[in-house]
Amino acid sequence: MLVAAVIAALVAVPVVRASLPVSAPRVDPAELRDRILASAGVPYQGYADTQGSVILPALPQLGEVTQLFGGGTSMRVWRATADSWRVAVLDPVGERDTYRGGGSTYTWDFGRNLWTQVVGDLPARLPQASDLLPPDLARRLLSEPSPGDRLTALPARRVAGIAAVGLRFTPGDLDTTISWLDVWADPTTGLPLQVELAGVFTSRFLDLSLTAPDPHVLIPDAAASSGFTTTTQNDVTAALNIVTNTQLPAGLAGRARLPGQVGGLGVYGTGLSRFVVAPVPGRVGQRTLDAVRNAGGTAVPGGFSVRSAVLTVLVVRPARRTYVLAGFASPELLARAASELR
């Protein structure tokens with residue numbers, strides 16, 4: 001009985017602490033947004049958790065992306081600077097680490113015991129777990145204001161032991177599927193601690209220290225028994241240009257294409273309704289089209305469209321080439337863009 005009482009008391013401590021009134025300095029929402037956007041240089045280390053209910057079709061080669069947005073992810077993170085950090089994704093059978101430092105990115109897959117080094121910055125890549133940490137996610141979604149945006153204050157909240165101040169961002173962009181975004185941040189540094197995206201995705205710190213990590217933690221340490229492979233930014237760019245083998249138009253649906261190194265991959269527009277267009281070659285393209293159709297996709301000229309919560313995916317095959325369009329954009333916007341592809 002004594003042991004049970006002690007355990008009950010220990011378990012109750014965080015619950016009671018979380019329910020207590022939170023006292024935090026008042027920060028104007030516009031000022032808080034500025035602090036959040038200026039927080040990229042803040043060092044920290046801690047443990048973060050994401051939970052999402054954005055259910056995507058089982059698209060070929062995109063299983064990890066589907067899990068990121070439609071399930072839970074646990075991460076340990078150590079960040080010294082914007083160019084020196086490490087993120088470990090934890091799962092029941094091991095971990096997958098990503099290191100950034102010295103102008104290279106290193107990844108380690110525990111299950112395959114394989115290290116991969118990419119020298120330089122990738123010209124294009126799929127979303128990864130580190131993109132969904134509260135600081136990176138909040139800064140990305142708040143970085144491009146548009147006319148009609150509204151910022152309102154939220155009640156303070158205790159996150160990872162810190163009395164955090166909050167804001168709600170309501171986009172003025174009529175073509176985005178994101179209706180609101182809530183962010184709680186450290187009032188002094190502006191570092192985002194918790195992000196809630198329209199009730200379908202949450203990213204938060206459970207434990208956090210606003211101190212720089214030990215430099216040794218940020219050094220990749222490959223064992224002699226590990227596999228190791230190296231590639232460069234130019235190698236990846238050349239490979240993507242060969243695979244995509246097309247040139248996309250300079251504009252779609254009235255949105256200008258952003259500059260990029262890969263001719264066959266395009267990002268169009270600004271703000272939250274920005275979308276990506278990618279050609280998918282050969283049989284993988286047909287499998288992708290079939291996956292969206294079988295997931296209950298809505299028929300559009302030349303293909304099918306599916307929306308899951310805030311994310312829209314549209315796949316069209318106007319001729320012999322398959323295109324995937326995706327983003328936090330309305331199905332109507334992506335359909336207009338798809339109608340201009342040939």
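# Exercises on a predicted model

At 18% relative accessibility, E196 counts as buried (under 20% relative accessible area; exposed is over 50%, partly exposed in between; 1.4 Å probe, protein chains only). This is a predicted model, in which local features need pLDDT of at least 70, side-chain atom pairs count only at pLDDT 80 or more, and totals for chains, interfaces and linings use all residues. Residues are numbered from 1 along each chain as its sequence is written, and side-chain values use heavy atoms, with hydrogens and water left out.

## Exercise 1: the surroundings of E196

Find the strand that holds E196, the side chain with which E196 makes a polar contact, and the bridge partner of E196 in β11.

Solution.
- Step 1. E196 belongs to strand β10, residues 192–197; strands (E, at least two residues) and helices (H or I, at least four) are DSSP runs, numbered from the N terminus.
- Step 2. The side chains of E196 and R157 form a polar contact of 3.1 Å. Such a contact is a pair of N or O atoms within 3.5 Å; within protein, one must be able to donate a hydrogen and the other to accept it, and residues adjacent in sequence count only if both atoms are side-chain atoms.
- Step 3. Leaving aside residues up to four places away in sequence, E196 touches (heavy atoms within 4.5 Å) R157, W180, L181, D182, W184, F201 and T202.
- Step 4. T202 is also the bridge partner of E196 in β11. The two strands, β10 and β11, pair in the antiparallel sense over four bridges; DSSP must find at least two bridges for strands to pair.
- Step 5. Three residues lie between the strands of this hairpin, where A198 has a positive phi near 50°.

## Exercise 2: the sheet

Give the strand order of the open sheet, name its edge strands, and describe the pairing of β1 with β11 and with β2.

Solution.
- Step 1. The open sheet consists of twelve strands with mixed pairing, in the order β7-β8-β9-β10-β11-β1-β2-β3-β4-β5-β6-β12.
- Step 2. Its edge strands, each paired on one side only, are β7 (150–159) and β12 (227–232).
- Step 3. On average, neighbouring strands of this sheet are turned by 15° against each other, direction ignored.
- Step 4. Strand β1 (residues 44–52) runs antiparallel to β11 (residues 201–209), and eight bridges join the two. Here G52 stands opposite F201.
- Step 5. Strand β1 is also joined to β2 (residues 72–81) by eight bridges, again antiparallel. T50 has T73 as its bridge partner in β2.

## Exercise 3: two helices on the sheet

Describe how α2 and α4 cross, and state which strands each of them meets.

Solution.
- Step 1. Helix α2 (residues 29–37) packs against helix α4 (residues 134–142) at an angle of about 120°, with axes 9 Å apart. Axes are lines fitted to C-alpha atoms, for helices over the stretch in contact, and angles run from 0 to 180 degrees between N-to-C directions.
- Step 2. The two helices are therefore oblique to each other (not under 35 degrees, roughly parallel; over 145, roughly antiparallel; or 65 to 115, roughly perpendicular).
- Step 3. On the side of α2, R33, I36 and L37 make the contact; on that of α4, A138, R139 and L142 do so.
- Step 4. Helix α2 lies across β7, β8 (162–170), β9 (181–185) and β10, at about 105° to β8. Helix α4 packs on the sheet and touches β1, β2, β8, β9, β10 and β11, its direction making about 60° with that of β10.
- Step 5. Because eight of its nine residues are buried, α4 is largely enclosed by the rest of the structure. Among the buried residues are A138, R139 and L142.

## Exercise 4: R100 and N113

Decide whether R100 is buried or exposed, list its polar contacts, and locate N113.

Solution.
- Step 1. R100 lies in strand β4, residues 94–101. With 12% relative accessibility, R100 counts as buried.
- Step 2. The side chain of R100 makes a polar contact of 2.7 Å with that of D121. A polar atom of the R100 side chain also lies 3.4 Å from the backbone oxygen of G120.
- Step 3. N113 sits in the loop between β5 (104–109) and β6 (114–119). At 26% relative accessibility, N113 counts as partly exposed.
- Step 4. Most residues other than glycine have a negative phi. N113, although not a glycine, has a positive phi of about 50°.
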